[in-house]
Amino acid sequence: FFSKKKKIGLYVYGSVGTGKTFLLSLFVQYSKVGKKIHFNHLMNKIHDTINSNQNKNKKIDLFIKELCKGIKILFIDELHIFNIVDALLIKKIFHTLEKNNIFVMTSSNFKPSDLYIDGLQRADFLPFIEYIKESFAVIGVASEKDYRRLTLNQSKTYFTPINKDTE
């Protein structure tokens, strides 16, 4: 955060259950100028928006302005790219957020270089990965502990079928 080159966002990645969402949710909750949205919900809304009109670029700009009205931080939870349409849209979305001076925090189970790893036309997606690496503070959570599993183990949880893995 204190480097000479100002970062426009935060990208936190790591294994499932390591607390990425928990930590970033706390930050957004207590910032009073933030909003959280799950990546799938964001993309569903973006797809609905661009499919409802001819002028897709303008629709994305208007959608982002409306989404970010009154906030300075947007937390996009569980960023992942599995299809070519999202791969092509995500760079436009992030640049529009940057243009609107929104600090983006995102969590992911994938380090940036592993996003859309075997995707079609991945070469067209690589500039987005470089954008993340250069413009965002990239932080890996290197915990082996799944905190969600610890909580589940304290509750009355049963695994089926009963075998050596679920015992």
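## Reading a predicted chain, feature by feature

Modeller: Val 33 sits in the loop between α1 and β2 (34-38). The model is a predicted one, and this loop is a fair place to begin.

Colleague: Is Val 33 buried, partly exposed or exposed?

Modeller: Partly exposed, because its relative accessible area is 31% and the class runs from 20% to 50%.

Colleague: Which residues does Val 33 contact, apart from its neighbours within four places in sequence?

Modeller: Val 33 is in contact with Ile 71, Lys 72 and Ile 73. Sequence distance and spatial distance are separate things to read. Val 33 and Gly 70 are 37 residues apart in sequence, and their C-alpha atoms are 7.1 Å apart in space.

Colleague: What does Lys 32 show in its phi angle?

Modeller: Its phi is positive, about 70°, although Lys 32 is not a glycine. Lys 32 is in the loop between α1 and β2. With a relative accessible area of 71%, Lys 32 is exposed. Glu 78 also has a positive phi, about 65°, and is not a glycine. Glu 78 belongs to the loop between β3 and α4 and is partly exposed, at 37% relative accessibility.

Colleague: Where is His 80 found?

Modeller: In the loop between β3 (73-77) and α4 (84-99).

Colleague: Why does His 80 count as buried?

Modeller: Buried means under 20% relative accessible area, and His 80 is buried because its value is 14%.

Colleague: What does the side chain of His 80 reach?

Modeller: The side chain of His 80 reaches the backbone oxygen of Glu 78 at 2.8 Å. There is also a polar contact, at 3.3 Å, between the side chains of His 80 and Asn 40. Leaving aside neighbours within four places in sequence, the residues in contact with His 80 are Phe 39, Asn 40, Phe 110 and Leu 115.

Colleague: Now a helix. Which residues are buried in helix α5 (residues 126-135)?

Modeller: Phe 128, Ile 129, Tyr 131, Ile 132 and Ser 135. Look down the axis of α5: the buried residues fall within an arc of 155°, so they line one face of the helix. The general idea rests on the helix repeat. An α-helix has 3.6 residues a turn, so residues three or four places apart point the same way.

Colleague: What covers the buried residues of α5?

Modeller: The cover includes β1 (9-14), α4 and β5 (136-141).

Colleague: Which residues of α5 meet in a salt bridge?

Modeller: Glu 130 and Lys 133, whose side chains meet at 4.0 Å, N to O. Both lie in helix α5, three residues apart, which is about one turn of the helix. Glu 130 is partly exposed at 38% relative accessibility, and Lys 133 is partly exposed at 39%.

Colleague: How many salt bridges are there?

Modeller: The count comes to four. One of them is between the side chains of Lys 92 and Asp 61, at 3.3 Å, N to O. That pair links distant parts of the chain: Lys 92 is in helix α4 and Asp 61 is in helix α3 (residues 56-67), 31 residues apart. Lys 92 counts as partly exposed, with 25% relative accessibility. Another salt bridge is made by the side chains of Glu 66 and Lys 69, at 3.1 Å, N to O. Both Glu 66 and Lys 69 are exposed.

Colleague: And the surface: which residues make a nonpolar patch?

Modeller: Phe 22, Leu 23, Leu 26 and Tyr 30 make a patch of about 460 Å². Leu 26 lies in helix α1 (residues 20-31) and is partly exposed, with a relative accessible area of 32%.

Colleague: Let us finish with the whole chain. How many helices and strands does the chain have?

Modeller: Six helices and five strands. Along the sequence they follow the pattern β-α-β-α-α-β-α-β-α-β-α.

Colleague: What share of the residues counts as buried?

Modeller: Of the 167 residues, 37% count as buried. The chain exposes about 10800 Å², and carbon and sulfur atoms supply 55% of that area.

Colleague: What share of the contacts joins residues at least 24 apart?

Modeller: Among contacts between residues at least 6 apart in sequence, 79% join residues at least 24 apart. Val 33 and Gly 70 gave a single example of sequence separation, at 37 residues.

Note on methods. Residues are numbered from 1 along each chain as its sequence is written. This is a predicted model: local features need pLDDT of at least 70, side-chain atom pairs count only at pLDDT 80 or more; totals for chains, interfaces and linings use all residues. Side-chain values use heavy atoms; hydrogens and water are left out. Patches are made of residues with over 30% relative accessible area and no salt bridge: like charges are joined within 9 Å, nonpolar side chains (Val, Leu, Ile, Met, Phe, Trp, Tyr) within 5 Å. Accessible areas come from the Shrake-Rupley method with a 1.4 Å probe; for residues, only the protein chains shown count as cover. Helices (H or I, at least four residues) and strands (E, at least two) are DSSP runs, numbered from the N terminus. Buried means under 20% relative accessible area, exposed over 50%, partly exposed in between (1.4 Å probe, protein chains only). A polar contact is a pair of N or O atoms within 3.5 Å; within protein, one must be able to donate a hydrogen and the other to accept it, and residues adjacent in sequence count only if both atoms are side-chain atoms. Contact means heavy atoms within 4.5 Å. The arc is that of the directions from the helix axis to the C-beta atoms.
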